[in-house]
Structure formats: C-alpha cells, structure tokens
Amino acid sequence: MQTRRKRLWNNRTLLLMCVPAILFFAIFAYLPMPGLYLAFIRYNYTDGIFKSAFIGMDNFRFLVMTGDLWRLTANTILYNLAFIILGNFLQIFIAILLNELRKKWFKKVSQTIMFLPFFISFVIIGLIAYNILSYDYGMLNGILKTIGADPVKTYSNPHVWPFIIIITYLWQSTGYGSIVYFAAIMGLDSEIVEASEIDGANALQRIRYIVLPWLKPTFIILLLFSLGGVLRGNFGLFYNLVGANNTSLYATTDIIETYVFRSLMNNFNFSMGSAVSLYQSVFGFVVVLTANWLVKKTSPDNSLF
C-alpha cells in the first residue's frame, strides 16, 4: 500500500493531466449508462423511464422481425469497411508520396491543399452536392441538357449513392488522415534510409522493405480503433448528403444513426432508438475484442492489450 501511494505521488503530474479525460468519460460515457434501460421498456412521457412498462427483448425482436436491423447493420458495416480500407490505403499512399517529395515548399503547399477539405462542414458539403446533383437546378443536369442528353434523377436512384458517399468521405478525410502516417514516417531513422541508398536500393525498394514495415504498427493500431466504430455511421455525412427521410434511398443509404434520428425526431420512439444504439455498442465492443485477439495471435507486439 505504501509503495502504491509513493508511486501515485511520484506520478502526480501525469495523473493530474489525465483528470480532464477521466472526467469527460465519467460524465459523458458512464453517468448516462442507466439510460440503457430505455431499450427494454415501452417508454411513455407520463410514467417516465423507470415506471414505464418493462417489455424485455420485445424492441429487439421487433427490429429483427421487420428486417430493419439486418439492412441497417449491413449498410453501416459495408460503408465503414469501405471507409476504413480505402481510407487507410489512400492515407498511406499519400503519406509516402509526400515523403518522397524533395522540394519542401511544394510539400507544404500539397499538405495544406489536401488538409483543407477536413475543415469544410458537412452542411456545406451537402449543399455543394445538392447544387451539383439536383434534378431541376443541378450543374450535372445542366450540362447534360446542354449537350442534348437526358437529365438523371440522382436523388431517386439508390444505386449511385454508395459511390457518391464513399468518394465524398475520402475526399474530405484522406488529407487529414495521412498526417498520422506521415508523422510516423518522419520518425524513421534516416541512417537506415541512407544505408539502403548506399546499398543501391531504389525508391520502390525502400518503400517496400523499409517504409511499409515501419508503418505496420501504426496501421494496426488505427485499424483496431476504427473497427471499434465499424457499426457507428457518420451521421453528419449521411444526413447532409442524403437526408433521413428519403424513402427511395433507404435500401443503400439508411444506416443506424439515421434510423435512430428518425425514431426520435419523427416517431418519438425513444425505446426503439435506444435498442438500436445498445445493439450498436455491444457489436462494436465484440468486434474490437475479436480483432485484438486475432492481432495478438499473429503479432503480439502490435495488439492494444
């Protein structure tokens, strides 16, 4: 006990720095946990949370029977897998390209240009997309009409939206995400690179045998963190690009977040929204544990715990 107290006292500065983060998670992650009870009741305003009728797993059973749960799960997972896989590979590719640039001024200008989309609000992105894709006033249909082609009804065609959403996400986030990999490359010992150049290694060989193995731990850690949110959709992106009430696009654009928003704002069904959110959290927790277990089996040094 005395040794523990001494250790805590010796690390008091580090512990003090952790206090804001501890308070944040305590207030916003742990204190709201009793609200999970909403998922197991038929909530009404008169009785409140803890006096409403307890219905057990009926909310989850209803979601499964209507088929909404499978559609929402599939859409959310597939989009997030596309974001994670394509996003990470593009970020690594851009980070390596930036590292290979020799002119510092061009490197800084390139980083700034790629970094700017991250600061553009999803509201603005949705407005830009609407001005391009709108049937009556969009730039795309204006060009098609000018050349004598038939206009396209983008907001009624669910099959084109996966491409639009993924491209928009990559455009907005890739520049920012590449900074992490670029910073990791900057930590690479320059003597190793210089030794490889003396031994006759060309740029592709340096990238393959030195840079990519060096980035492997960073990639695995970021992948594990990303998998934790594989069932958490980017609500801002989907809501501002597509909206939450365009029924013709539900098949390919409806994700868990938009469903929960619709349940709360349109149907006032707090219990159903809570049931979906709880399912989302448990699924993400299981995915992280499973992915970490697989990483620990193959590469123990790169696992989270």
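Start with the whole chain on screen: among contacts between residues at least 6 apart in sequence, 65% join residues at least 24 apart. Keep in mind as you go that this is a predicted model.

**Stop 1: the whole chain**

Switch to a cartoon view and you'll find 14 helices and two strands. The radius of gyration is 24 Å, well over the 19 Å that the globule rule gives for 305 residues, so the chain is more spread out than a compact globule. If you draw a box around the C-alpha atoms along the principal axes, it comes to roughly 80 × 75 × 35 Å.

Now try a surface. The protein chain exposes about 19100 Å², and carbon and sulfur atoms supply 69% of that. How many of the 305 residues count as buried? The share is 37%.

**Stop 2: the largest pocket**

Next, select Gln-91, Tyr-169, Ser-173, Tyr-176 and Ser-226. Of the 20 residues lining the largest pocket, these lie nearest its centre. The space in this pocket is about 510 Å³.

Which helices should you colour here? Pick H4 (68–100), H8 (161–186) and H10 (203–228), since each of them supplies at least two residues of the largest pocket's lining. H8 gives the most, with seven residues. Colour the lining by class and you get nine nonpolar, 10 polar and one charged residues.

**Stop 3: the second largest pocket**

Move on to Asn-99, Met-186, Leu-188, Ser-190 and Val-193. Of the 15 residues that line the second largest pocket, these are the closest to its centre. About 310 Å³ of space lies in this one.

Keep H4, H8 and H10 coloured and add helix H9 (190–198): each of the four supplies at least two residues of this second lining. Which helix gives the most to it? Here that's H9, with four residues. The classes in the lining of the second largest pocket divide into seven nonpolar, two polar and six charged.

**Stop 4: a stop on H10**

While H10 is still coloured, click on Lys-216, which lies in that helix. Is Lys-216 buried, partly exposed or exposed? Its relative accessible area is 43%, so Lys-216 counts as partly exposed, a label for values between 20% and 50%.

Then add Tyr-181 to your selection and draw a distance between the two C-alpha atoms. Lys-216 and Tyr-181 are 35 residues apart along the chain, and their C-alpha atoms are separated by 10.0 Å.

**Stop 5: the cavity**

For the last stop, look for a space that is closed off. How many cavities of 30 Å³ or more are there? The count comes to one, and its volume is about 40 Å³.

To find it, select Val-242, Gly-243, Ala-244, Asn-246, Tyr-250, Thr-253, Asp-254, Thr-258 and Arg-262, the residues that line the cavity. Then colour helix H12 (250–253) and helix H13 (256–265), as each supplies at least two residues of this lining. By class, the residues around the cavity are three nonpolar, four polar and two charged.

Methods:
Residues are numbered from 1 along each chain as its sequence is written. This is a predicted model: local features need pLDDT of at least 70, side-chain atom pairs count only at pLDDT 80 or more; totals for chains, interfaces and linings use all residues. Side-chain values use heavy atoms; hydrogens and water are left out. On a 1 Å grid over the protein atoms alone, a cavity is a set of points where a 1.4 Å probe fits but cannot get out, and a pocket is an open set with protein on both sides within 12 Å along at least five of seven lines; lining residues have an atom within 4 Å of a point. Grid points are joined across faces, edges and corners, and a volume is the space filled by probe spheres set on the points. Ala, Val, Leu, Ile, Met, Phe, Trp, Tyr, Cys and Pro count as nonpolar, Asp, Glu, Lys and Arg as charged, and the others, Gly among them, as polar. The radius of gyration is taken over C-alpha atoms; the globule rule is 2.2 Å times the number of residues to the power 0.38. Buried means under 20% relative accessible area, exposed over 50%, partly exposed in between (1.4 Å probe, protein chains only). Contact means heavy atoms within 4.5 Å. Accessible areas come from the Shrake-Rupley method with a 1.4 Å probe; for residues, only the protein chains shown count as cover.
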